Amino acid sequence: MNAPDTAADTRAVAALTAELIERESVTPEDAGCQARMGELLEAQGFELTSLPFGDVENLWAVRRNPGQGEDEPMLVFAGHTDVVPSGPAEAWRSPPFTPTAADGLLYGRGAADMKGSLAAMIHATGAFIDRYPDHRGSIAYLITSDEEGVAVDGTVRVVDWLEEQGIRPAYCIVGEPSSSERLGDVIRIGRRGSLNGRLQVSGVQGHVAYPDQADNPIHAALAGLQALAAVHWDNGNDAFPPTSFQISNINAGTGATNVIPGSLEVLFNLRFSTEQTAPGLEQKIDALLAEHGIQDPVEWALSGNPFQTAGPDFIELVSDSIEAEQGFRPEASTGGGTSDGRFIARLGTEIVELGPVNASIHSIDEHVAIEDLGRLARIYEGILSRLLGP
């Protein structure tokens with residue numbers, strides 16, 4: 001591709017990214033992002049289905065090739081239009097929802113997570129369709145405004161709907177900002193599971209001078225919590241790091257120094273590999289707490305099970321596309337937090353997460369390299385060409 005074409009790619013993707021940043025889509029708000037994306041996708045021949053659930057906007061869009069008459073294989077581009085709150089606007093170098101270009105970077109909330117990816121996806125599908133209007137298979141978009149929030153009315157509900165419709169995409173690119181130092185240096189081929197626990201340890205409130213008339217839940221819980229923190233859960237495996245346990249919050253007391261609290265609340269999280277299951281972890285923790293005299297039940301909440309794209313062909317295809325644009329092959333990783341890929345995985349879909357450098361996401365002065373926007377679009381187009389081209 002010659003220089004004028006690459007420059008045009010960059011300008012087009014940067015312009016659409018800026019347009020999306022201007023829409024203050026703080027989770028679960030969409031602020032018209034999906035409507036704008038829908039306009040552009042309709043012009044490319046996509047059929048749109050709006051799937052609102054609760055306060056959440058979701059969009060399913062699909063383009064089938066009428067000349068082929070076959071939906072398979074289907075490649076889905078998945079992402080979210082919602083962003084996290086900006087924090088204090090005065091701390092930003094420019095207003096967080098006013099896209100600002102400076103020193104080769106585009107600043108604004110959502111620039112990297114993930115409005116830049118959404119813009120690159122749309123540019124990529126348009127360029128691919130112009131090149132191969134009679135492409136094989138089908139292309140789809142699954143877009144939500146509930147990824148940064150509680151994630152109960154977003155992708156998970158759309159996946160329920162897809163199952164009802166009998167739609168099971170073969171492949172999916174999630175536009176999460178996967179890159180570490182350079183665009184495309186890391187792709188995510190799976191994610192660890194995430195299991196949350198809430199433990200309320202009961203005691204008896206009283207005066208610190210009369211401990212025999214009270215029951216201190218902090219003292220009662222300390223040994224059990226220390227035992228949990230010391231557990232070696234597993235060694236991980238070739239694809240996943242070891243399972244980790246972290247206490248994220250402890251709360252007890254009235255604020256006074258002379259009152260023994262009546263209860264203690266502990267919040268904790270486990271990020272677990274495919275060496276574990278959520279029920280197995282729950283049973284082990286319940287048993288360990290009971291061994292240390294804690295009989296209060298744990299309230300469990302599973303955010304997602306671990307998943308991994310095991311088939312090498314799709315990973316290699318994505319890696320080939322990155323190498324063609326960037327000149328190197330990516331590291332395939334399962335690190336990081338959770339993503340909506342955990343919901344899509346239950347469809348049996350092979351998933352790769354590929355997006356911009358993640359150093360500034362959720363931070364003050366979030367930004368993306370402007371040149372990377374055009375490069376990302378060409379990588380996405382390369383994936384389409386290798387998978388659905390002639």
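The following legends describe close-up views of a predicted model.

**View 1. The four-stranded open sheet and the order of its strands.** The strands of this sheet follow the order E12-E14-E10-E15, and their pairing is antiparallel. Its edges are formed by strand E12 (244-252) and strand E15 (298-304), each of which pairs on one side only. On average, neighbouring strands are turned by 15 degrees against each other, with direction ignored.

**View 2. Pairing of strands E10 and E14, with helix H6 packed on the sheet.** Strand E10, residues 193-202, and strand E14, residues 263-272, are joined by 10 bridges in the antiparallel sense. Within this pairing, asparagine 196 has asparagine 269 in E14 as its bridge partner. Helix H6, residues 278-291, packs on the sheet and touches E10, E14 and E15. The direction of helix H6 makes about 155 degrees with that of E15.

**View 3. The three-stranded open sheet and helix H9.** Here the strand order is E4-E5-E19, again described by antiparallel pairing. Strand E4 (100-102) and strand E19 (367-369) are the edge strands, each pairing on one side only. From one strand to the next, the twist averages 25 degrees. Strand E4 and strand E5 (residues 105-107) run antiparallel and are joined by 3 bridges; alanine 102 has leucine 105 in E5 as its bridge partner. Helix H9, which comprises residues 370-388, packs on this sheet and touches E4, E5 and E19. Between the direction of helix H9 and that of E19 the angle is about 65 degrees.

**View 4. The surroundings of isoleucine 21 in helix H1.** Isoleucine 21 belongs to helix H1, which covers residues 3-21. This residue counts as buried because its relative accessibility is 0%, where the cut-off for burial is under 20% relative accessible area. Leaving aside neighbours within four places in sequence, isoleucine 21 is in contact with Pro96, Phe97, Pro99, Leu106, Tyr107, Gly108, Arg109, Ala111 and Lys115. For one of these contacts, proline 96, the separation from isoleucine 21 is 75 residues in sequence and 8.4 Å in space, C-alpha to C-alpha.

**View 5. Parallel pairing of strand E7 with strands E3 and E18.** Strand E3 (residues 74-80) and strand E7 (residues 171-174) run parallel and are joined by 4 bridges. In this pairing, phenylalanine 77 has isoleucine 173 in E7 as its bridge partner. Strand E7 also pairs with strand E18 (residues 350-353), in the parallel sense and over 4 bridges. Valine 174 stands opposite glutamate 353 in E18.

**View 6. Helix H7, its buried residues and their cover.** Helix H7 consists of 15 residues, 312-326. At 1.5 Å a residue its span should be 21 Å, and the end C-alpha atoms lie 20 Å apart, so the two values agree; the expected span is obtained from 1.5 Å times one less than the number of residues. The buried residues of helix H7 are Phe314, Ile315, Leu317, Val318, Ser319, Ser321 and Ile322. The elements that cover them include E3, E7, strand E8 (186-188), E18 and H9. Just after helix H7, glycine 327 adopts a positive phi of about 85 degrees.

Note on methods:
Residues are numbered from 1 along each chain as its sequence is written. This is a predicted model: local features need pLDDT of at least 70, side-chain atom pairs count only at pLDDT 80 or more; totals for chains, interfaces and linings use all residues. Side-chain values use heavy atoms; hydrogens and water are left out. Two strands pair if DSSP finds at least two bridges between them. Helices (H or I, at least four residues) and strands (E, at least two) are DSSP runs, numbered from the N terminus. Axes are lines fitted to C-alpha atoms, for helices over the stretch in contact, and angles run from 0 to 180 degrees between N-to-C directions. Contact means heavy atoms within 4.5 Å. Buried means under 20% relative accessible area, exposed over 50%, partly exposed in between (1.4 Å probe, protein chains only).
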